[in-house]
Amino acid sequence: MTDNPGPAARGGHVTVCEVGPRDGFQAEETFIPTDRKIAIVDGLFAAGVRHVQVTSFVSPRAVPQLRDAEEVLSGITRPPGAVVAALVANQKGAERAGTAGVDIVHGVLSASETHNLKNVNRPVAKSLEDMKGIAATLSGAGVAIEGGIATAFGCPFEGPVPAERVGRIARAYQELGAVRVSLGDTTGMATPLTVAAAIRAIREAAPGMPIGLHFHNTRGVGLACVMTGLSMGVTHYDASIGGLGGCPFAAGATGNICTEDLVYLLAESGYETGIDLDALIGVAERTQETIGRPLPGQVMKAGPRLRRHDPELTRHAAG
Ligand code: COA
Ligand code: ZN
């Protein structure tokens with residue numbers, strides 16, 4: 001056995017979609033200056049990240065932090081192959097997204113009634129109905145749509161969410177032309193077993209529909225859930241730089257799984273992401289500076305697995 005055998009087998013390409021500039025920043029109370037937001041997105045692109053959820057087009061009264069959505073989008077520098085995404089919850093958001101130069105809208109509605117009411121102020125059935133209009137508007141503007149399903153693995157207000165309900169919503173998204181459904185684990189209630197059940201339910205209700213997974217690490221099992229997704233062939237994961245994140249309209253919400261930690265896990269498991277881990281850690285450090293408090297990410301603190309420490313600088317336990 002060598003010290004570093006490297007990945008045993010290439011596991012293929014996995015897409016990492018960075019959602020920190022939306023899911024992360026929306027949870028911050030102090031306004032992050034627009035040029036700092038732009039610098040972080042540009043840093044992510046420079047590190048090789050190609051899918052970034054840059055902002056959201058929601059009510060500035062609901063989420064004041066992201067009131068500069070249009071300015072951020074016009075300030076970023078897109079490398080070739082960049083896929084720029086933004087979150088949208090209603091028709092007005094779709095109209096804004098249609099003229100702001102996004103490639104894909106991440107639509108959002110919840111699998112549970114109470115969270116949907118808290119988050120977008122309408123019943124789930126009305127959100128689903130609205131989503132048809134949103135999809136039509138976006139299609140006219142040449143913008144793709146990903147179908148987001150929040151509280152897909154449980155609701156902080158209602159408790160369990162049946163996998164069949166998630167399957168039915170996925171089917172509705174498939175019918176309106178979404179390119180993928182994304183299962184949102186809004187308050188970190190997913191476990192490997194519930195992830196497997198939801199994936200199976202979608203494959204049954206909406207055969208052929210690509211799946212993305214969006215975990216929060218609220219209970220420390222986010223990356224275990226990723227392993228379950230990988231074992232079932234899911235190759236699209238959201239994550240947040242430094243482990244920022246959390247929905248302001250869900251009790252007990254905390255950060256997403258951390259992008260550097262995910263990229264580290266994927267690389268060490270033989271998957272290819274196109275992302276440079278050292279450069280990504282640099283972006284996490286700069287994000288932490290911008291936010292002004294320690295972020296939960298672990299690899300940014302420990303460094304990559306083979307980081308060497310100077311023995312001279314470490315205590316010796318001689319008696
Ligand atoms: N962009 C900008 N302004 C918007 C907007 C949008 N997408 N949608 C609504 N507004 C404005 C309206 O113009 C209206 O403004 P006015 O009072 O000055 O005329 C006001 O917001 C209320 O509009 P209404 O359609 O009645 O919205 P609502 O009060 O029922 O709220 C949402 C619904 C969807 C706009 C709001 O709940 C929301 O923005 N939710 C998003 C929450 C979010 O981002 N959560 C995190 C993601 S998980
Ligand atoms: Zn989230």
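The legends below describe close-up views of a predicted model.

**View 1. The shell of residues around ligand 1.** In this predicted model, 20 residues surround ligand 1, and those that come nearest are Arg 61, Asn 90, Arg 96, Asn 119 and Asn 121. Sorted by character, the shell holds nine nonpolar, six polar and five charged residues. The space that ligand 1 takes is the largest pocket.

**View 2. Helices that contribute to the shell around ligand 1.** Helix H4, which spans 91–99, and helix H5, which spans 113–120, each provide at least two residues of the shell. Of the contributions to this shell, that of H4 is the most, at three residues.

**View 3. Polar atoms of the protein beside ligand 1.** An oxygen atom of ligand 1 lies 2.8 Å from a polar side-chain atom of Asn 121, and an oxygen atom of the ligand is also found 3.0 Å from a polar side-chain atom of Lys 92. From Phe 57 it is a polar backbone atom that takes part, at 3.1 Å from a nitrogen atom of ligand 1. On its own, ligand 1 has 930 Å² of accessible area, of which the protein covers 68%.

**View 4. The surroundings of His 216.** His 216 belongs to the loop that runs between strand S8 (211–214) and helix H9 (222–231). Its relative accessible area is 4%, and because buried means under 20%, His 216 counts as buried. The side chain of His 216 makes a polar contact of 3.2 Å with the side chain of Asp 23, while a polar atom of that same His 216 side chain lies 3.5 Å from the backbone oxygen of Gly 255.

Terms used: Residues numbered from 1 in each chain as written. Chains lettered and ligands numbered in written order. Predicted model: local features only at pLDDT ≥ 70, side-chain atom pairs only at ≥ 80, totals over all residues. Heavy atoms only, no water. Near = heavy atom within 4 Å. Polar contact = N/O pair within 3.5 Å; in protein donor to acceptor, adjacent residues only side chain to side chain. Areas by Shrake-Rupley, 256 points an atom, 1.4 Å probe, with all protein chains shown as cover. 1 Å grid on protein atoms, 1.4 Å probe; cavity = no way out; pocket = protein on both sides within 12 Å on 5 of 7 lines; lining within 4 Å. Sits in = over half its atoms within 2 Å of the grid points. Helix = DSSP H or I, 4+ residues; strand = E, 2+ residues; numbered from the N terminus. Nonpolar A, V, L, I, M, F, W, Y, C, P; charged D, E, K, R; others polar. Buried < 20%, exposed > 50% of the residue type's maximum accessible area, 1.4 Å probe, protein only.
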